Amino acid sequence: MEREKRKDGICLRMENISKQFPKVLANENISIYLKRGEILALLGENGAGKSTLMNILYGLYRPTCGQIYINNHEATLLSPKDAISLGLGMVHQHFMLIENLTVTENIVLGMEPGSWGFIDFKKARKIVKELSEQYHLFVDPDAKIEGLSVGQQQRVEILKALYRKATILILDEPTAVLTPQEVDGLFVVMRSLQERKVSIIIITHKLEEVKAISGRVYILRRGKLAGERVTKDISKAELAHLMVGRDVVLTLNKENRITEKKPGFTLQNLFVKNDNGVTALNNLSLEVCPGEIVGIAGVAGNGQKELEEVLIGIRRIEKGNILLTGKNISRYGVKKRIQSGLSYVPSDRYRYGLFLSMKVSENILASSLDRKPYVNGINLRLRVINRRSEELVTMYGIKTPSVHEPVSNLSGGNQQKVILAREFSREPVVLVVSQPTRGLDVGAIEFIHSEILKMRDRDTAVLLISMELEEIFALSDRILVLYEGSIVKEFDPGKTSHKEVGYYMTGGGER
Amino acid sequence: MTAREILYKYRVIVFILLFLLAGSGIILYITSYFAGLLFILLAIIIYYGFHFLLKDKRIVLSEIKSIAKKMLIPLAGITIAVLIGAVVMIITGYNPLTAYGALFYGGFVKNWHVSLLNAAPLIFTGLSVAFAFKAGLFNIGAEGQYYIGAMAAAGLGIYFDWHPLVTIPVIFLAAGLLGSLYNFFPALLKVKTGAHEVITTMMFAHIARYFSSIFIRNFGGDPSTSSHPYVTDPVLPSNWLLRFKDMFPWANYRLHSGIIIAILTAFFVHYLLSYTRIGFEIRAVGSNPAAAKTQGISTGKTVFIALMVAGFLSAMAGVNQVLGLDHKLYGNLSTGYGWNGISVALLASNHPVGVIFTSILWGALDAGGQYMARTQEVHNSIVEIIKGTVLFLVVARYLYTYWGQKRKKKETCNE
């Protein structure tokens, strides 16, 4: 009954969508709808499944199960071509423009006006000009893409979709690459599109944007729909809770055992840029003492990735110092940092943590295969390597047929345990752990948490970066809130609440 | 259990005996004394029997299983390609059974020595490509490094007059180092600017190939003394690689020891990749460069080493041809050992020991194809069709994964 009532004005429905990738279930039984002329936000952390869902809608992926209805007709989307013909347009995070062609050429490419194989450039230019005036998307139709700013390139992408008669526009993290002024400009454009009955889906992990622009919001968490809200009825803190909150509450035996403050790991006034050359860490300072876990809380995209990369040494420091027990390691390469006693559990375990096609034994000892007792001259001492990896496999309870198994055959939890075994068994002085339990089941999470606590009890200085507040609260001795590349607040986990931390995570402390 | 203990105690002796047995079997087989195969089979049986006794049976079984699994795709590809070739022959009016009979007889029995002569340089270039592949690099310019090696071998071989036990290793080493040096600039560009090695090594390959024509003019190529002007002076006979006929009178007079060097090199490369530190680092960088970096492995250094070693191996192919078979450098620009090296490496999934077998297969297809063309009047382009189809089927193995995913999809939705 209710669905019948809702039906008018609904231009898009996705029902019971699931997507199974070889290793992960990226979307699980998600149903959403979109009304004509609505700005809908899709909120969730990195890896929550937002982009997968939208890529399914745009025909880039095929759903494992589920149906899509566009204007109440079931649609089979085999490729973006099908999606475009049904009035969908998508602006990707990385623009799909040809640098040395003009704006007009880029927009009409693939659907050029003209006949007999000739392109009517005059007509093309006129259409582009009309479109850009009609939607207040001002760009010079004759400019070459390479000369345009990122914000202008984004407009070209939007025009490209509109030229293809898009009535539903998907924007994938549109503000990630923009300056604050450009963001304001984008919002103006989005509102004017809305007035002309274009429906917009905006993918984001930034709460301010949801509040600023959207009318309704779906929250995704771990591939599942965590909620649907009308934006004006929900506060940022509640949104944050829906986005990062976890249903599992873990009780861990933990007591603050730090008595005297010794220097363990110190970051002094770090300045670091992200891949786009924008400042990602802005004058960040912090200190972790031996035998202490410091949790970095924050919403994804506030500098966490850059922080972990700069600590292990694969991102350049613009300014500032990293001290390890008083020794300046800022100029050290990765190898020297590892030898100085740094261990690192990366958030992106497939990119930075594992050699999927290689054996468990080779993964579990990867950083030690350049020294005794594993190496003799240039020879690997396979017997020593195998014995040690078997030891570690038992110690960390890794389920694998043998140490010769390729890591790709292990489950996600066991893969993470392989990384843990490698990094923890080096007996580090400082341990940087980022997102250690992302995508894992409860059993693995509990094991990993207790291992991290064990490391603390062995007087290791642990820096825990996590986007899950539950995890931060469960493990940390101190909580630092990271917002826009700086530490904005320090909390004692015993004397604060999720709500208060969430408030600072979303920029509440600024005003 | 005592038998087991005794075996364990004398395992070194057993392995030496096994090595001798297998080695003599291989040499007998190479020299067309096919009973050598029995020796080889015996050695394999003893080897695995020994493992069964000493190790956990399950581990040995899973080892055998994984080897069989690795061979499944190439073998399936070959079978399908042979069938497709048969269809082509039936359509064009030939009897596939007699044609294939001739192909097999020519390649593996009658002209077996030609197959091996074809295979030896392919093993070297195939190893070169495979080695670079392990580091995630595509050494498409093996052909160029081959010519560098051939030129070095010809240049040194004409003038370097000393005891062969000194000269031959020195020539191999010098030519190999020049081949490495030839890959120095592609490696430097790759590490410093990210210029893709496919482009740079391929361009370098063309430079080396055409430079060889100039080289030949300067080391002979006197039109008045030679019927073939585009050829260097011959290499000193003392620098020739040892020929089998000198030791085994029944062997073909052209067959030289280059094939043995090639096989030993393949095993050495296998050792280098699987049992040494640098081999581990190369595989790690090839598997996931970003993760290698966070484990403190220098990707730049590894890329350098991989390309230099690849250059060395390709150059050895050139030396093998000049010192072993031709004894001079011909200005023939279409030998294609470098390009075919890519094929044999792909077919072997870049396994160094696998490269030996795929190279011999390729060589036998060529030799057998010629024999077939002569005796059955079937055009030997059928061999190229088979080769192309095999490669296509092996490289297109993502088809299998596609089928796998489709099956999985059905399973998840039916729940």
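A:Pro373 lies in the loop that runs between helix 13 (360–364) and strand 17 (375–376) of chain A. In this predicted model, the peptide bond joining A:Lys372 to A:Pro373 is cis, with omega at about 0°. A second backbone feature of chain A concerns A:Glu173, which is not a glycine but has a positive phi of about 45°. A:Glu173 is also a loop residue, placed between strand 7 (168–172) and helix 7 (180–195) of chain A.

The secondary structure of chain A consists of 18 helices and 22 strands. Its radius of gyration is 25 Å, close to the 24 Å that the globule rule gives for 511 residues, so chain A is as compact as a globular protein of that length. Along the principal axes, the C-alpha atoms of chain A occupy a box of roughly 75 × 55 × 50 Å.

Three domains are assigned in chain A: domain 1 (2–244), domain 2 (251–341 + 428–511) and domain 3 (351–427). The assignment thus builds domain 2 of chain A from two segments, 251–341 and 428–511. A:Pro373, in the loop after helix 13 (360–364) of chain A, falls within the bounds 351–427 of domain 3, and A:Glu173, in the loop after strand 7 (168–172) of chain A, within the bounds 2–244 of domain 1.

The centres of domain 1 and domain 2 of chain A, taken over C-alpha atoms, are separated by 34 Å. Contact between these two domains involves 14 residues of domain 1 and 16 residues of domain 2 of chain A. On the domain 1 side of this contact, helix 8 (207–213) and helix 9 (236–244) of chain A each supply at least two residues. Helix 9 of chain A gives the most to that side, with five residues. By class, the side of domain 1 of chain A that touches domain 2 has six nonpolar, four polar and four charged residues.

Chain B contains 18 helices and zero strands. For its 415 residues, a compact globule would have a radius of gyration near 22 Å, and the value for chain B is 23 Å, which agrees. The box filled by the C-alpha atoms of chain B, taken along the principal axes, is roughly 80 × 60 × 55 Å.

Chain B is divided into domain 1 (1–55) and domain 2 (95–377). Their centres, taken over C-alpha atoms, are separated by 30 Å. The contact between them takes four residues from domain 1 of chain B and nine residues from domain 2 of chain B. The domain 1 side of this contact in chain B has two nonpolar residues, two polar residues and no charged residues.

Helix packing within chain B was examined for two pairs. Two packed helices are described by the angle between their axes and the distance between the axes. The axes of helix 6 (residues 112–134) and helix 7 (residues 142–159) of chain B come within 10 Å and cross at roughly 130°. That angle makes helix 6 of chain B oblique to helix 7 of chain B. The crossing of helix 6 and helix 7 of chain B is right-handed. Helix 6 of chain B contributes B:Thr125, B:Ser128 and B:Val129 to the contact, and helix 7 of chain B contributes B:Ala142, B:Gln145 and B:Tyr146. The residues of this contact divide into three nonpolar, three polar and no charged.

In the second pair, the axes of helix 15 (residues 337–347) and helix 17 (residues 381–395) of chain B come within 10 Å and cross at roughly 45°. Helix 15 of chain B is therefore oblique to helix 17 of chain B. The crossing of helix 15 and helix 17 of chain B is left-handed. Helix 15 of chain B makes the contact through B:Ser343, B:Leu346 and B:Leu347, and helix 17 of chain B through B:Lys387, B:Val390, B:Leu391, B:Val394 and B:Val395. By class, the contact of helix 15 with helix 17 of chain B has six nonpolar residues, one polar residue and one charged residue.

Between the chains, 28 residues of chain A are in contact with 19 residues of chain B. On the chain A side, the elements that give two or more residues are helix 11 (334–339), helix 12 (349–353) and strand 18 (379–380) of chain A. The side of chain A that touches chain B has 18 nonpolar, six polar and four charged residues.

Note on methods. Residues numbered from 1 in each chain as written. Chains lettered and ligands numbered in written order. Predicted model: local features only at pLDDT ≥ 70, side-chain atom pairs only at ≥ 80, totals over all residues. Axes fitted to C-alpha atoms, helices over the stretch in contact; angles between N-to-C directions. Helix = DSSP H or I, 4+ residues; strand = E, 2+ residues; numbered from the N terminus. Parallel < 35°, antiparallel > 145°, perpendicular 65-115°, else oblique. Left-handed = near helix turned anticlockwise from the far one by under 90°. Contact = placed C-beta atoms within 7 Å. Nonpolar A, V, L, I, M, F, W, Y, C, P; charged D, E, K, R; others polar. Domains from an automatic or database assignment. Rg over C-alpha atoms; globule rule 2.2 N^0.38 Å.
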